[in-house]
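Colleague: I am new to this structure and would like a close look at one part of it. Could you take me through the charged side chains that pair along a helix, and say how buried or exposed they are?

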Amino acid sequence: MAHERIILGIDPGTTIMGFGLIKVENKTMRFLQLNELQLGKYDDHYVKLKVIFERTIELIDTHHPDEIAIEAPFFGKNVQSMLKLGRAQGVAMAAGLSRQIPITEYEPKKIKMAITGNGSASKEQVAKMLQQLLNIGELPKNLDSTDGLAAAVCHFFNSGKKVAGKSYSGWDAFIKQNEGRVITPSAKGSLKNGG
């Protein structure tokens, strides 16, 4: 394991997308930045996805994270909301994969459990614990950025553990772990031929 690394945490969203960055030196984490991407001003969902991709690439190119931790969408009753959230997460993941950065997904309950010890903790409880852990002065009004930071801290706490979450180190790894969901050129040819 490297002595120094930067972890980018992402809380995907289509109205607000939260980001948090920590630096890990030896076994100590240090707060770098909290940020959020305001997407409510865009009416077109596809424009939102483009902005998410571009902003994630910009964060990667600015801070050079070694790893990305992303909150997995939780399963809700509204299928349209789930679809939009899944797309937002996928676009952020694609940005990281395009820069060959390993990505690990964490379920919201796992993140809350890692930060507070309670998988049902509120956003406010998670934010307060992060404030204490990382000596953050003032918390932001919206807590989406602290949710992104929580994903990064969860990843730090789970580093080296075998069953941390779903991890992808690049497109090849993603395809290998999702063979049933990916159509390869050879499979596409057999589909055309009725296979």
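**Salt bridges in helix H1**

Modeller: Glu 54 has a relative accessible area of 41%, so this residue counts as partly exposed. In this predicted model, the side chain of Glu 54 meets that of Lys 50 in a salt bridge, with 2.8 Å from N to O. Both residues belong to helix H1, which covers residues 45–63, and they are 4 residues apart, about one turn of the helix.

Within helix H1 there is also a pair formed by Glu 58 and Arg 55, which lie 3 residues apart, again about one turn of the helix. Their side chains meet in a salt bridge at 2.9 Å, N to O. Here the two partners fall into separate classes of accessibility: Glu 58 is partly exposed at 44%, whereas Arg 55, at 18% relative accessible area, is buried because the limit for that class is under 20%.

The count for the structure comes to 8 salt bridges. One of them joins Glu 4 and Lys 23, at 3.3 Å from N to O, and this pair links distant parts of the chain, with Glu 4 in strand E1 (residues 4–11) and Lys 23 in strand E2 (residues 16–25), 19 residues apart. Glu 4 is partly exposed at 45% relative accessibility, while Lys 23 is buried at 17%.

As for confidence, the chain averages a pLDDT of 85, and 79% of the residues score at least 70. Over residues 186–195, however, pLDDT stays under 50, and where pLDDT is low, the predicted coordinates should not be read in detail.

Key. Residues numbered from 1 in each chain as written. Predicted model: local features only at pLDDT ≥ 70, side-chain atom pairs only at ≥ 80, totals over all residues. Heavy atoms only, no water. pLDDT = per-residue confidence, 0-100. Contact = heavy atoms within 4.5 Å. Salt bridge = Lys/Arg side-chain N within 4 Å of Asp/Glu carboxyl O. Helix = DSSP H or I, 4+ residues; strand = E, 2+ residues; numbered from the N terminus. Buried < 20%, exposed > 50% of the residue type's maximum accessible area, 1.4 Å probe, protein only.
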